[in-house]
Amino acid sequence: MFDGYDSCSEDTSSSSSSEESEEEVAPLPSNLPIIKNNGQVYTYPDGKSGMATCEMCGMVGVRDAFYSKTKRFCSVSCSRSYSSNSKKASILARLQGKPPTKKAKVLQKQPLVAKLAAYAQYQATLQNQAKTKAAVSVEGFSWGNYINSNSFIAAPVTCFKHAPMGTCWGDISENVRVEVPNTDCSLPTKVFWIAGIIKLAGYNALLRYEGFENDSGLDFWCNICGSDIHPVGWCAASGKPLVPPRTIQHKYTNWKAFLVKRLTGAKTLPPDFSQKVSESMQYPFKPCMRVEVVDKRHLCRTRVAVVESVIGGRLRLVYEESEDRTDDFWCHMHSPLIHHIGWSRSIGHRFKRSDITKKQDGHFDTPPHLFAKVKEVDQSGEWFKEGMKLEAIDPLNLSTICVATIRKVLADGFLMIGIDGSEAADGSDWFCYHATSPSIFPVGFCEINMIELTPPRGYTKLPFKWFDYLRETGSIAAPVKLFNKDVPNHGFRVGMKLEAVDLMEPRLICVATVTRIIHRLLRIHFDGWEEEYDQWVDCESPDLYPVGWCQLTGYQLQPPASQSSRESQSSSSKQKKKAKSQQYKGHKKKRKMPIGKKPVSLSSLPMTGGVRRSFSGDEELTPPPYRTLPAQTAPEAFPPPSTSREFSPSLKTVTTLQLKEELLDGDDYNFLQGASDQESNGSANFYIKQEP
């Protein structure tokens, strides 16, 4: 297998969109899309009504729900951001589609029309960028350098069951040997050499060529699932040359004997590793499939959307009524936010009827078996009831867990939840969680786990006490035994790095860190941003990915904010030239919501839903059935798991090399299959005592 080490052969290579309404805010340039306010009127118990516009982000909402006495800002975040000159400058720069600089002027108070025009221009730029097929890595950011310089640890691939190779990663670890291109070579053709894994960070591995011993001078990072990474023996089987690096070529006269000695008993990838990677990156969802998805402007209802594109299992969905195909929504194919056509009607869920009645050529209903299944529950015995109190993650502010109330009980275990103190009178901001959702908790969960519980807006009897609140409101707490208490052996640890979706702007995937773990609940911090942007996410969320996922799938990764700012100061001219060609170039500041809309989080939890009677004249009807995918072409090879933890068994993905001395004069070699690690799916329980 080493006969070719001293020769070589020929070179071979193996967005949130604007919403329409009935009244135009103001005339805008003809080349820009028109953004209009929703015009919905909210009425509060005290009889007051009215709308206000946030002076920071431009969000239009109920005046009484705004922050501070002057009602100038929609949240604490916007109030703090407005007081920072650098934040003001960066907002203006982002709206204009260019990076902020230190010399940027302070953002002046802008009228709503100016904000709409700036945002519309930015959206037009995004649409041009979206036409580019593949995204490239953000210039200047390297996961390898970022991890090395700070001694960070990345979450292992086995923590992400929904990601490629997540269920068959096995015991790929340090000291595993692979064959990789030799970059320290003057030959005109591509040649290979053997390297060992020094450190793993998700899909990325720090490699060192064999023969360098303790010399790290030529160490390099690469993606293990890349096309140029092969198991030991691939070169011999493929007729590719093995050539030692030029730097160490003088160290040994008999490289064949050296390799046999070094590789005897070592581990390598299995021969079919690249095939397994390819199979794990095949996705059953295809463009033109129709689904029901949560309405990003009104969480209480769903709408029909069409799959526009699929990247790494993430779907860009375009709402069916969008004529210019810019009204879109991003989510993972296993997200509980999407369902088969007819799901809303089957459980009594609020649904926005599509204005499109004529069948569109090429569109077809997604087969129901492709959607993630929720756990079956028995609602015949003791069950959740309307008016019961609980604690829940606020989908409009994922950094907080709030006092909440069950507003409606739907079929199949789904519940409509409202956040106490901030609900609209018509229930248009209710949201739907399944009874087994890891984002709803029994009364007292936050206190026992030392998490700050957000009391109802306007509640003055602080510190908040559940016992007093239940007595004052005449309500009861939902029984503890009805909540999901399963805690899988997820493998996450505090401080681990990963790539995470910013659920307040779900087209963005950012560099992130696990900062806290409460049973199965993870607190995700976006590197370079303030803690107020943190998000509570379930450990099995399909919106979390290993380090290197964006590079593997061709998705755009958002670097840490601090580094992005430093780079923009030194290379703003380069970024201006490249801005048009880079895909998914999102806001540098997360949670900058489109003007005139509520910020929408659509976390990786079973939510969507509504009530049978919808508002704004929308009827609870299922859209006209389109043709379903023919049985003979149904992509059934990769169905989603029946539960969030039910996946295919782990495969053997590491082999042990056994090279004997008698192989010095031959090319034959043997592999001994090594037993792979099985990722434990064991469960633990947490118990919560309920106050009397």
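This is a short guided tour of the structure above, stop by stop, with something to select at each one.

**Stop 1: the whole chain**

Start with everything shown as a cartoon, and keep in mind that this is a predicted model. The protein chain holds 13 helices and 31 strands. Of its 692 residues, 56% count as buried. Now switch on the surface: the chain exposes about 30200 Å², and carbon and sulfur atoms supply 50% of that area.

**Stop 2: the nonpolar cores**

Hide the surface again. In soluble globular proteins, nonpolar side chains tend to be buried together. The largest nonpolar core here has 114 residues. To find your way into this core, select W169, F273, F384, I401, I417 and I524, the residues with the most contacts inside it. Apart from this core lies another one, of 19 residues, and A305, Y319, M333 and L370 are among them.

While Y319 is on screen, add R303. What does the charged end of R303 sit over? It sits over the ring of Y319, 4.0 Å from the ring centre.

**Stop 3: strand β4 and its neighbours**

Next, select β4, residues 177-181. All the strand's residues, 5 of 5, are buried, so β4 is largely enclosed by the rest of the structure. Which strands does β4 pair with? One is β5, which runs antiparallel to β4 and is joined to it by 5 bridges. Click on P181 and then on F192, its bridge partner in β5. Another is β8, residues 230-231, which pairs with β4 in the antiparallel sense over 2 bridges. Here you can pick V178 and look across to P231, its bridge partner in β8.

Just before the strand, select N175, in the loop between β3 and β4. Its phi is positive, about 80°, although N175 is not a glycine. Is N175 buried or exposed? With a relative accessible area of 53%, N175 is exposed.

**Stop 4: pairs of rings**

A pair of aromatic rings is described by the distance of the centres and the angle of the planes. The count for this model comes to 28 aromatic pairs. Select W169 and Y203 for one of them: this pair is edge-to-face, with 6.0 Å from centre to centre and 75° between the planes. W169 is in the loop between β3 and β4, while Y203 is in the loop between β5 and β6, so the pair ties together parts that are 34 residues apart in sequence. Both W169 and Y203 are buried.

For another edge-to-face pair, select F464 and W466, whose ring centres are 5.3 Å apart and whose planes stand at 80°. F464 counts as buried because its relative accessibility is 15%, and W466 counts as buried at 4%.

**Stop 5: helix α10 and the way into it**

Stay with W466 and widen the selection to helix α10, residues 466-473. Buried residues in this helix are W466, D468, Y469 and L470. What covers the buried residues of α10? The cover includes β16, β17 and β21, so try showing residues 389-394, 397-409 and 453-454 around the helix.

Now step back to P463, in the loop between β21 and α10. The peptide bond from L462 to P463 is cis, with omega near 0°. At the other end, α10 is followed by G474, whose phi is positive, near 65°.

**Stop 6: K497 and its surroundings**

For the last stop, select K497, found in strand β23, residues 496-501. Is this lysine, K497, buried or exposed? Its relative accessible area is 5%, so K497 is buried. Show the residues K497 touches, including W143, Y146, F152, A512, D527 and V547. The charged end of K497 sits over the ring of F152, 4.0 Å from its centre. F152 belongs to one aromatic cluster with F141, W143 and Y146.

You can also draw a distance from K497 to I524: they are 27 residues apart in sequence and 9.6 Å apart in space, C-alpha to C-alpha.

Finally, pick S151, in the loop between α4 and β3. S151 has a positive phi of about 55° although it is not a glycine. With 58% relative accessibility, S151 counts as exposed.

Terms used
Residues numbered from 1 in each chain as written. Predicted model: local features only at pLDDT ≥ 70, side-chain atom pairs only at ≥ 80, totals over all residues. Heavy atoms only, no water. Helix = DSSP H or I, 4+ residues; strand = E, 2+ residues; numbered from the N terminus. Buried < 20%, exposed > 50% of the residue type's maximum accessible area, 1.4 Å probe, protein only. Contact = heavy atoms within 4.5 Å. Areas by Shrake-Rupley, 256 points an atom, 1.4 Å probe, with all protein chains shown as cover. Phe/Tyr/Trp six-rings, centres within 6.5 Å; stacked < 30°, edge-to-face > 60°. Lys NZ or Arg CZ within 6 Å of the ring centre and 35° of its normal. Core = buried A, V, L, I, M, F, W, Y, C linked by side-chain atoms within 4.5 Å. Pairing = 2+ DSSP bridges. Lists of a residue's contacts leave out its neighbours within four places in sequence.
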